[in-house]
Amino acid sequence: MSKEFLGEFEELVLTMAGILQDEAYGNAIVNEIKQRVGREVNLSAVHVTLYRLEDKGFVKSKMGGATNQRGGRRKRIFTVTNAGLAMLRTMKEARMDLWKLIPQLKIAGS
Amino acid sequence: MNEVSPPGWAIRFLQRVCPAHLWEGIEGDLLEQFQADVEELGVTRAKGRFIWNAFRFVRPGIILRNRISNTFISSIMVTNYFKVAARNIQKRKFYSFINAFGLSIGLAFCMLIVLYIQDEREFDQFHANKDRIYRIEEKSFDTWQHDSADPFRRSAWLQAGLAPVIKAEFPEVEYVTRYNDGNRVIFRYEDKVFTERVTYVDQDFFKMFTFPLLKGNADRLFQDKLEVVITPEIATKYFGDVDPIGKTIEIENEGKSLFTVTGVITPPPAQSSLSYAVLLPQENRNNYQRNLENWGNFGTPTFVQLRQNANLESFKSNLDHAIDKYMSDRLERWRKEAVVPISPDVKMLEYEYTALPEIHLNTAISWDKVSDPQYSIILGGIALLIILIACINYISLSLTTSTSRRIEVGIRKVVGAQQSQLVYQFTVESLILAVISMVFGLGLVVLFLPYFNEFTNKGIALTGSKIVQLLSVGLVLMIITGMLAGSYPSWFLSRFKPASVLKGGFTSRLQAGFTKPLVVLQFALSAFLIISSVMMYRQMQFITTKDLGYNQDQILVIPTQAGWSEESDRVVDQFRIRAQSEPLIVSVAGTSSSFNQGFSRYGFKINGEQKSAYVYAADPQYIPTLGIHLLEGRNFDENIPADSDAVIVNEALVRDMKWTDPLNQYYNWREDTVGMGSRVIGVVKDYHFLSLEEKYEPMFLSMDKHNVGYRTTLLVKVASADVTAGLDRVKALWQQLFPDKPFDYTFLDDDVAKQYSRYKRWMNIMGLSTGFAILISCLGLFGLAGINAVNRTKEIGIRKVMGADLQTIFFLLNKQFVILAILAFSLAAPLSWWFITQWYMKDFTFQVPLTWELFAISMITGLILALATVSYHAIKAALLNPADTLKYE
């Protein structure tokens with residue numbers, strides 16, 4: 001955990017790739033982020049992040065089959081690797097651990 | 001459904017920069033987004049977004065993936081490229097050397113020029129408050145010289161009273177100081193008596209400018225009038241190693257006073273427009289009080305430092321206000337007195353200002369070290385020419401040598417090299433050589449810098465950051481040159497079909513045809529520089545040898561050290577009487593100012609006409625000592641009392657007054673309403689009392705002490721047999737007569753020559769550049785001639801077998817170079833003529849005539865140089881035994 005570290009945006013993209021499974025390619029992730037989080041992101045930013053995640057070994061990519069859409073261009077489908085899943089899990093747990101340390105009583109007081 | 005397509009050029013552009021393996025995924029995503037956008041937003045907006053989205057992909061995260069993959073492919077071959085490059089350099093040691101050497105010389109010169117230009121731009125940048133410091137200037141309507149294009153005169157010399165007014169009345173000004181530099185006064189400490197150059201400033205000087213104090217407190221300096229701040233050099237000169245603070249030193253300037261040293265200040269750096277060695281409070285200037293109240297006397301440069309966030313406009317309006325308040329009456333009077341009526345909307349006087357860092361390159365206002373930014377441009381141009389020549393050499397030599405590697409290229413192609421790989425290989429190869437020459441060039445810069453500094457009168461030092469800068473400039477240049485030199489031959493070579501190359505159908509001749517225009521170009525550039533510098537040299541020669549109309553040799557110029565007073569006259573007469581018995585001293589004269597040591601010019605009205613004339617105080621010995629030619633009338637005579645009011649005029653003044661019979665005229669230069677003015681007793685032939693840049697101006701000599709002034713300078717002519725002995729004698733006499741006065745002297749001819757030091761410097765720089773250019777072009781020519789000779793070895797062999805003699809072969813090989821050189825010359829001659837007449841000569845009123853021999857001489861020199869360079873190869877080739885060259889055929 002200590003060696004690799006994910007930025008906020010990287011984590012978001014990685015999570016979306018996990019959600020979309022076989023349909024995880026650049027544009028789909030952009031749309032998914034817009035739908036679920038309500039955040040407008042640029043396609044190029046998502047691409048760059050995906051390639052970086054690939055460099056780090058958290059996703060791997062392969063070319064999908066050709067379709068009639070998108071001018072017959074194939075999609076580059078990204079799949080979350082085991083390392084990627086482990087990374088997401090560690091980050092979630094680390095955050096939960098921290099979350100627990102916040103005194104919860106204050107909420108009741110308001 | 002698919003009829004709408006996104007802009008194709010954006011796709012093509014992105015495809016170029018995008019890594020190939022990522023391209024399909026990216027393009028697909030972009031297209032998909034585009035189609036969604038079309039449905040949602042309409043075609044026009046969708047297209048706009050497409051372009052925007054496409055360009056967003058131009059980012060390091062994408063582009064950099066490109067290069068890594070590319071280098072990966074080629075890096076397999078890189079070691080091989082290095083190996084082949086090293087072998088090639090070794091195989092052609094001589095050409096490699098010429099190539100690298102030429103380039104490094106060109107580069108070294110360029111780097112020097114870059115240093116020069118940088119130095120010019122860095123002037124005065126070291127002041128911490130430089131953005132808030134301004135020099136105030138006057139812009140006044142010139143009632144003297146009517147120049148309808150620009151009737152205003154601009155100068156940095158202001159009234160002494162302005163600074164106190166600014167300090168007291170301008171809220172936006174934080175500090176203000178006056179600055180008068182250059183006056184020489186006598187210093188005495190124990191037995192040490194010297195004249196020193198002093199600078200009069202105000203106490204704010206130490207707070208405004210970043211001239212750090214080594215000793216003393218900036219807030220407390222110059223609260224007393226009798227304080228002095230000195231540089232360490234002056235401190236050591238008078239006090240040795242003792243701490244100078246608190247010491248008193250006697251300074252004599254119209255009366256002696258004791259000054260206390262209260263501060264030691266670092267000397268000004270070379271890149272400073274302000275200069276000083278000894279700083280004194282302004283209050284010590286002569287006639288300080290009188291000048292303070294006289295708003296018509298412009299003699300004091302003034303600097304201000306504005307407060308942080310001060311408003312420049314309100315500062316300007318305050319300046320206008322000050323003019324109205326203190327000068328309006330005077331300006332009205334000036335307006336009325338003007339000969340030509342001045343329209344009422346013309347402002348007689350206005351204050352302007354220049355920011356401190358801009359002073360150095362502001363030629364509109366004269367200042368001690370001001371320099372024309374044009375020089376930087378011209379030098380930069382020359383540097384570009386030279387680096388161009390060097391690059392042309394490099395490229396043409398690379399081209400000619402690389403054609404011999406046709407077979408290597410053929411083999412490489414057969415084995416499977418792609419064109420891009422060949423380009424890469426040749427580029428790497430020429431880059432290696434280029435980088436070597438860059439390192440070499442930097443070494444040359446270090447070597448040449450001291451001489452360059454001397455030539456250009458600068459103090460450039462190589463610091464670490466400068467070296468890094470130079471290296472980066474050099475690196476960029478080298479990469480460009482290397483690429484050009486490497487890519488063209490590879491493109492050229494890779495066009496051949498390997499089969500035809502390897503089959504041997506090609507002859508083994510190196511193709512030099514396309515290098516001919518390059519040779520002409522570089523030769524024309526050198527010829528241009530040769531002609532220009534020869535012309536500059538001729539003009540300098542003309543100036544230094546021109547008969548000035550007086551005798552400037554063996555004359556010592558000695559200041560009387562007594563200032564503007566009766567005592568000066570006494571010093572002259574005393575010295576003359578004492579010198580009469582000396583055989584080594586020919587004559588002694590006195591004058592108000594020697595040539596190039598300042599002048600007086602008076603303006604006055606005669607019969608309602610505005611006139612002006614230069615005035616020199618003289619005595620009866622003046623004309624004979626200087627050997628001035630008296631055309632009419634007689635010299636001054638001490639025994640005729642009326643002569644004290646008489647004048648001797650020059651021809652230019654006679655012309656100016658349109659006199660036909662000057663000896664019966666009176667020159668009313670004092671605007672005398674009662675009398676008729678000064679009687680003209682003699683007319684001298686025009687002589688150059690001004691520099692040769694000026695034409696002959698009206699001038700007169702006078703012995704009138706009260707109106708013209710005292711003789712503050714001695715002119716001592718010594719016997720020509722032994723000038724050194726004469727000088728020693730004069731010095732000994734001086735010390736006998738005036739033991740408390742320092743003996744300073746200059747030679748008149750040195751003073752006169754100093755007027756042209758700027759031109760001399762330019763001649764030197766041009767000469768240097770010409771030398772560089774010639775050297776580089778000769779190197780290039782040498783290389784090309786060599787290739788040419790090698791190409792024709794067999795041809796020469798056959799010709800020799802057929803009976804051609806050495807002369808014929810020599811002629812055969814050199815013919816084309818002569819033609820090229822002549823062609824180059826005919827291109828360069830009009831260009832250099834234009835350059836010289838338009839830029840260089842226009843400053844001189846007295847010009848050397850430009851004659852055809854000048855061009856002929858330059859051309860013959862160039863031709864001889866070119867022939868000498870190419871002959872080596874021609875003779876070598878012609879002397880070869882044909883049996884050796886032909887036996888393998």
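Biologist: How many residues does each chain bring to the contact?
Modeller: Chain B brings 17 residues and chain A brings 17 residues. In contact means C-beta atoms, placed from the backbone, within 7 Å. This is a predicted model: local features need pLDDT of at least 70, side-chain atom pairs need 80 or more, and totals for chains, interfaces and linings use all residues. Residues are numbered from 1 along each chain as its sequence is written, with chains lettered from A and ligands numbered from 1 in the order written.

Biologist: Which element gives the most on the chain B side?
Modeller: α2(B), with 10 residues. Helices are DSSP runs of H or I, at least four residues, numbered from the N terminus.

Biologist: And how do the residues on that side of chain B divide?
Modeller: Into 5 nonpolar, 5 polar and 7 charged. Nonpolar is Ala, Val, Leu, Ile, Met, Phe, Trp, Tyr, Cys and Pro; charged is Asp, Glu, Lys and Arg; the others, Gly among them, are polar.

Biologist: Switching to chain A. At what angle do α1 and α3 pack?
Modeller: About 85°, with axes 10 Å apart. Axes are lines fitted to C-alpha atoms, for helices over the stretch in contact, and angles run from 0 to 180 degrees between N-to-C directions. So α1(A) is roughly perpendicular to α3(A), a label for 65 to 115 degrees.

Biologist: Which residues make that contact?
Modeller: Phe9(A), Glu10(A), Val13(A) and Leu14(A) of α1(A) meet Val46(A), Thr49(A), Leu50(A), Arg52(A) and Leu53(A) of α3(A). By class, that contact has 6 nonpolar, 1 polar and 2 charged residues.

Technical notes: Two residues are in contact if their C-beta atoms, placed from the backbone, lie within 7 Å. Helices (H or I, at least four residues) and strands (E, at least two) are DSSP runs, numbered from the N terminus. Angles under 35 degrees count as roughly parallel, over 145 as roughly antiparallel, 65 to 115 as roughly perpendicular and the rest as oblique.
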